[in-house]
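Me: I want the reasoning behind the labels, one at a time. Please set each value against its cut-off.

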Amino acid sequence: MSWKKQKYSGLVMEKSLSLGWQGAARRSFAAIVTVGVFVGQVQAVEEAPKAKPSTRITAEDFGALPFLTSPVISPDGHRAAARVYVNDELRLIILNLDEMRSEFGAIPIPDKRDLRWYRWAGNDRLLLGVGQSATIEGGFPVYVTRLLMIDFKTMHTQFVGQRREGMMGDDVIYVAPDGSSILLNMQDSAVDYPSVWRVDLNTLKMKRVVPSRDYVWDWYADSAGVVRAGIGQLGKRWWLLYRGGPEDDFKKIVHHTSDDEEKGNIEKFVPTDGSDSGFVVTNSKTSRFALYKYDFKTDTIGEAIYENPKVDIDDLVQSERGDIVGVRYTDDRSRVEWFDPEFKAWQAKIDRSLPNHTNRIVSINADQSRIIVYSRSAADPGRYFFFEPAKNVIRLIAEPYDRVDAAGLSDMESTSYRARDGLEIPAYLTLPRGLDPKNLPLVVMPHGGPFARDEWGYDVWVQFLANRGYVVLQPNFRGSTGYGKEYVDKGAGQWGRRMQDDIDDGAKWLIDRGVVDAKRVCIMGASFGGYAAMWASVRNPEIYRCAISLAGVSDVSALLKYDRSSLSPTRYYREWREKVQGEEEFDLASISPLQAVDRVAIPLLIAHGTRDERVPPSQSTKFHDLLTKANKPHEFVLYEGEGHGFDKPADNIDFLKRVEGFLRTYNPPNDALAHAP
């Protein structure tokens with residue numbers, strides 16, 4: 001293996017000149033495909049100068065799925081587990097970071113289940129959370145999760161848990177530092193509340209350490225592996241159970257209702273080993289989620305560790321020992337606030353070496369000697385780097401979207417506009433490169449969730465459309481998360497109502513500025529964004545020429561019955577139904593496209609995966625059937641075996657081509673107008 005070294009902004013940049021991954025088939029594991037990595041001069045780390053006009057990128061290159069994503073480093077730092085795609089199938093790969101090669105071949109996901117998460121348990125075992133749809137008595141559809149373990153010494157994949165379990169089976173709340181045992185929060189059956197079990201990973205023997213309690217779903221352990229707290233919830237009431245140590249009984253410390261504005265929402269408790277003091281993530285103080293000290297015995301929220309004046313914190317960054325070393329938050333883009341001065345210094349070094357990018361530390365080994373960094377921008381799909389602080393060296397591991405030419409990508413602008421009632425709506429605006437920003441066609445792209453948000457960064461759909469000459473607007477309409485409780489609450493009961501107004505008002509804002517041609521506006525989205533597109537075809541056809549939905553919701557009531565958490569992040573789970581429906585007597589059929597097919601007035605493109613576990617494909621197939629009977633113009637496609645998105649490049653490419661053809665017909669870009677008869 002040959003390396004090229006060059007001093008660059010304080011770090012030594014190392015790049016492999018001829019690096020591939022190879023491996024042999026092992027037992028039941030598939031053989032690995034050779035995967036290339038980025039090859040080039042060190043200066044290529046900097047943002048490339050933008051050529052004009054924009055380079056056209058094919059749907060095949062845009063639609064090629066990233067060959068490697070989500071690397072997680074082992075405790076000793078010698079390996080990393082990552083997702084890869086082999087012959088259109090999602091696999092796991094184990095990368096040897098010392099030799100930059102693969103080990104063990106490409107590992108298939110058993111039974112074609114969804115891969116929800118993975119983490120190391122020691123240096124030779126990997127835990128996998130997987131899920132799939134199932135039915136319980138009466139044929140009611142549910143989502144079932146299970147825990148698997150891959151042992152790389154024996155090359156066996158094993159199920160971890162009981163022979164008979166309920167829906168919830170992969171909630172690992174603690175992993176021993178040496179990987180010898182875990183704490184697993186798991187249901188005995190579909191009708192039971194979960195218990196906490198200690199599992200010996202050497203023998204897979206289990207011992208129940210905390211029995212189930214009525215209405216308690218979430219349990220929390222400290223850094224020593226002692227279960228210290230649990231949260232119960234019944235209707236709008238919720239409470240905290242707490243104990244000071246393993247021999248103590250749990251006592252009800254907190255008892256509140258979700259209407260208790262003084263307490264707000266408590267998202268996460270972090271107990272501290274050997275102490276009644278710990279930490280809490282809550283929005284009770286400022287209406288924005290922040291990190292505070294917390295006294296478990298007295299239910300007292302103490303001084304702030306970190307509060308952001310404008311936005312919520314997104315999550316905590318914890319070391320392998322469980323120490324909180326920083327928090328992540330997103331204002332106009334993703335950022336991190338490090339509490340540990342060492343991490344702060346490392347981040348500064350990385351940012352100097354990879355300028356004009358968002359550089360995120362995504363995985364750290366146990367002694368913090370090896371770090372994986374993901375560096376990206378809106379006009380750069382990103383690269384994974386391997387950083388060794390003590391050596392002052394950063395190595396390029398992989399460029400996941402290596403087929404995308406940066407010369408064809410457009411910058412993304414953080415902006416905002418006022419909705420009709422005066423509310424300021426944060427948004428992201430992408431203008432096609434090389435075109436005068438006047439009277440251009442627009443695609444409004446509302447995000448999924450809806451209690452989620454868009455962020456600044458590379459987005460395949462956005463860049464594909466901008467590369468084809470479209471303006472793209474991504475509104476963070478009311479109800480979007482990240483901007484505090486008050487902003488989320490403004491979306492309560494506003495599905496298809498003021499949330500839809502916010503989306504429409506973004507289009508009107510760009511039209512009034514002269515950026516967009518009022519006669520060339522389309523709406524496109526996935527999940528809730530797909531719902532918004534379907535609903536726009538009914539509610540506001542005077543604004544839009546066409547609508548595109550992937551995995552969209554056509555029947556709101558049916559979705560809530562299927563799984564009310566499927567579109568909602570954990571921190572807003574308790575109020576999910578209330579936030580959607582609003583007033584209890586409100587008729588959800590009145591905001592459901594399925595019940596308003598006769599009012600559809602623009603062409604639609606509707607797509608859905610047959611294995612979608614979040615939004616059942618029936619949400620689209622039923623809508624398609626009624627549109628067909630009503631003779632409404634639309635295109636419809638089912639993608640066999642796909643879930644709530646695309647895992648197969650061929651399907652991803654096919655969808656992009658369908659979108660391009662659909663838009664050229666119903667919302668033509670400037671080049672199509674120029675050649676029109």
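The turns below go through labels and the values behind them.

Me: What kind of model is this, and how are residues numbered?
Reply: This is a predicted model, where local features need pLDDT of at least 70, side-chain atom pairs count only at pLDDT 80 or more, and totals for chains, interfaces and linings use all residues. Residues are numbered from 1 along each chain as its sequence is written, and side-chain values use heavy atoms, with hydrogens and water left out.

Me: How many helices and strands are there in the chain?
Reply: Eleven helices and 37 strands. They are DSSP runs numbered from the N terminus: H or I of at least four residues for helices, E of at least two for strands.

Me: Why are β3 and β6 called edge strands?
Reply: The open sheet has four strands in the order β3-β4-β5-β6, with antiparallel pairing. β3 (68-73) and β6 (101-108) each have a single partner strand, so one side of each is left without a neighbour in the sheet. Neighbouring strands here are turned by 25° against each other on average, direction ignored. That angle is taken between axes, lines fitted to C-alpha atoms.

Me: What makes β4 and β5 a pair?
Reply: Strands pair if DSSP finds at least two bridges between them. β4 (residues 79-86) and β5 (residues 89-96) have eight bridges, in the antiparallel sense. One bridge joins Ala82 to Ile93 in β5.

Me: Why is Phe477 called buried?
Reply: Buried means under 20% relative accessible area, exposed over 50%, and partly exposed in between (1.4 Å probe, protein chains only). Phe477 has 0%, so Phe477 is buried. Phe528 also has 0%, so Phe528 is buried. Over the chain, buried residues make up 57% of the 677 residues.

Me: Why is the pair of Tyr193 and Trp217 called edge-to-face?
Reply: Rings of Phe, Tyr and Trp (its six-membered ring) pair if their centres lie within 6.5 Å; planes under 30 degrees apart are stacked, over 60 edge-to-face, and the rest tilted. The centres of Tyr193 and Trp217 are 5.3 Å apart and the planes stand at 65°, so the pair is edge-to-face. Tyr193 lies in the loop between β12 (181-186) and β13 (195-200), and Trp217 in strand β15 (residues 216-221), 24 residues apart.

Me: Are those two residues buried or partly exposed?
Reply: Tyr193 has 22% relative accessibility, so Tyr193 counts as partly exposed. Trp217 has 34%, so Trp217 is partly exposed.

Me: What makes the pair of Phe477 and Phe528 tilted?
Reply: The centres are 5.4 Å apart, and the planes meet at 45°. Phe477 is in the loop between β33 (471-475) and α4 (485-489), and Phe528 in helix α6, 51 residues apart. The structure holds 27 aromatic pairs.

Me: What makes a set of residues a nonpolar core, and which members touch the most others?
Reply: A core is a set of buried Ala, Val, Leu, Ile, Met, Phe, Trp, Tyr and Cys residues joined through side-chain atoms within 4.5 Å. The largest has 64 residues; Leu442, Trp495, Leu510, Tyr544 and Phe623 touch the most other members. Helix α6 (residues 528-539) gives the most to this core, with eight residues. A second, separate core of 56 residues includes Leu97, Ala378, Tyr384 and Phe655.

Me: Why is Pro211 called partly exposed, and what is Pro211 in contact with?
Reply: The relative accessible area of Pro211 is 46%, so Pro211 is partly exposed. Pro211 sits in the loop between β14 (206-210) and β15. Contact means heavy atoms within 4.5 Å. Leaving aside neighbours within four places in sequence, Pro211 is in contact with Ser195 and Trp219.

Definitions and conventions:
Axes are lines fitted to C-alpha atoms, for helices over the stretch in contact, and angles run from 0 to 180 degrees between N-to-C directions.
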